[in-house]
Amino acid sequence: MDKLVEAYSGDKARNYDARRAASKRWRREVAAMEAMLADIDAGTILDCPFGTGRWVPQYEAAGATVTAVDLSQGMLDEAAAKIADLPKERQAAYTLIRESIFDLSPLRPVPDLTVCIRFLNWVAFPDAVRALERLTALGSPHMILGASLVPDAAGPLRRLWYGLSLAVINWRARHKPAQHVHPEAAFLAELDRLGWRVVDRREIMRRNARVNYFFRLERA
């Protein structure tokens, strides 16, 4: 986790939005998030990792009370700057907490919605499962989740291509945190085991090494 926190600190945190906001992936993520939030009556939201607070405009549109958790102080500082631009009465709707996703304690009251975007792409499958278990234990009836997967429909050659492509990506960026892509069947099986039902799935991007999705989940 230390290497991952370092990758989202300092200038990397300050420039995070600017480096990504013009990308097609970013725009499709925003569209998916807005559509999914519109289908959930979420008065209270837990967002972990909260990052730079990229979803603040969407949470403002929903009028939600938000608990924002991130392990990177740099990311929380960027988020705090966004929140400081809100009207005073809305600034009070945000609670920022520096904490690891693996150490989250249950909140009272239980949030209506838990949000976890992009984090699962940076941890190996066993840690992704640990994160899902921790998020599930918080008790929210709804979750919006982002994950990069190797589709079940991919044949043996395609799976080999996904694996080789990811290996090349990680070798080229070997001084940065490794990216991870999870097998679709195993990932969905864990959601089922933890009592989640997929009610909406939207493809965000499709690349050589992965297909990235947003999932809207409800308690089964």
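Reader: In which sense do strand S4 (residues 113-116) and S5 pair, and over how many bridges?
Author: This is a predicted model, in which local features need pLDDT of at least 70 and side-chain atom pairs count only at pLDDT 80 or more, while totals for chains, interfaces and linings use all residues. Residues are numbered from 1 along each chain as its sequence is written, and side-chain values use heavy atoms, with hydrogens and water left out. Helices (H or I, at least four residues) and strands (E, at least two) are DSSP runs numbered from the N terminus, and two strands pair if DSSP finds at least two bridges between them. Methionine 143 in S5 is the bridge partner of threonine 114, and S4 and S5 pair in the parallel sense, over four bridges.

Reader: Through which helix does the chain cross from S4 to S5, and what is the hand of this crossover?
Author: A crossover is right-handed if, with the strands pointing away from the viewer, the path from the first strand over the helix to the second runs clockwise. Between S4 and S5 the chain makes a β-α-β crossover; the helix is H8 (residues 125-137), and the hand is right-handed.

Reader: Which strand is joined to S5 by eight bridges?
Author: Two bridges join S5 to strand S6 (residues 182-183) in the parallel sense, with histidine 182 as the bridge partner of leucine 149. An antiparallel partner also exists, and alanine 147 stands opposite tyrosine 213 in that strand. The strand joined to S5 by eight bridges is S8 (residues 210-219).

Reader: How many of the nine residues of strand S5 (residues 142-150) are buried?
Author: Buried means under 20% relative accessible area, exposed over 50%, and partly exposed in between (1.4 Å probe, protein chains only). On one side of S5, His142, Ile144, Gly146, Ser148 and Val150 are buried, and on the other side Met143, Leu145, Ala147 and Leu149 are buried. S5 is therefore largely enclosed by the rest of the structure, and its count of buried residues is nine of the nine.

Reader: Which element gives the largest share of the largest nonpolar core?
Author: A nonpolar core is a set of buried Ala, Val, Leu, Ile, Met, Phe, Trp, Tyr and Cys residues joined through side-chain atoms within 4.5 Å. The largest one has 33 residues, and Ile101, Leu120, Leu145 and Phe187 have the most contacts inside it. Two or more residues each come from H8, S5, helix H9 (156-172), helix H10 (184-193) and S8. The largest share, five residues, comes from S5.

Reader: How many residues are in the second, separate core?
Author: Trp26, Ala42, Val56 and Ala64 are included in this second core. Its number of residues is 27.

Reader: Is histidine 182 buried or exposed?
Author: Histidine 182 is found in strand S6. Not counting residues up to four places away in sequence, histidine 182 touches Leu120, Val123, Ala124, Phe125, Ala128, Ser148, Leu149 and Val150, where contact means heavy atoms within 4.5 Å. With a relative accessible area of 1%, histidine 182 is buried.

Reader: How far apart in space are glutamate 29 and glycine 146, C-alpha to C-alpha?
Author: Glutamate 29 is found in helix H4 (residues 24-38) and is buried, with a relative accessible area of 0%. Beyond its neighbours within four places in sequence, glutamate 29 is in contact with Arg54, Trp55, Ile117, Arg118, Ile204 and Phe214. Glutamate 29 and glycine 146 are 117 residues apart in sequence, and their distance in space is 9.1 Å.

Reader: What is the relative accessible area of arginine 25?
Author: Helix H4 also holds arginine 25. Leaving aside neighbours within four places in sequence, the contacts of arginine 25 are Arg118, Asn121, Ile204, Met205, Arg210 and Asn212. Arginine 25 is buried, and its relative accessible area is 13%.

Reader: How many disulfides does the count come to?
Author: A disulfide is a pair of cysteine sulfur atoms within 2.5 Å. The sulfur of cysteine 48 has its closest cysteine sulfur in cysteine 116, 6.4 Å away, which is too far for a bond. Cysteine 48 is buried at 2% relative accessibility, and cysteine 116 is buried at 0%. By this rule the number of disulfides is zero.

Reader: What is the radius of gyration of the chain?
Author: The chain has ten helices and eight strands. The radius of gyration is taken over C-alpha atoms, and the globule rule is 2.2 Å times the number of residues to the power 0.38. For 220 residues that rule gives 17 Å, and the value for the chain is close to it, so the chain is as compact as a globular protein of that length; its radius of gyration is 17 Å.
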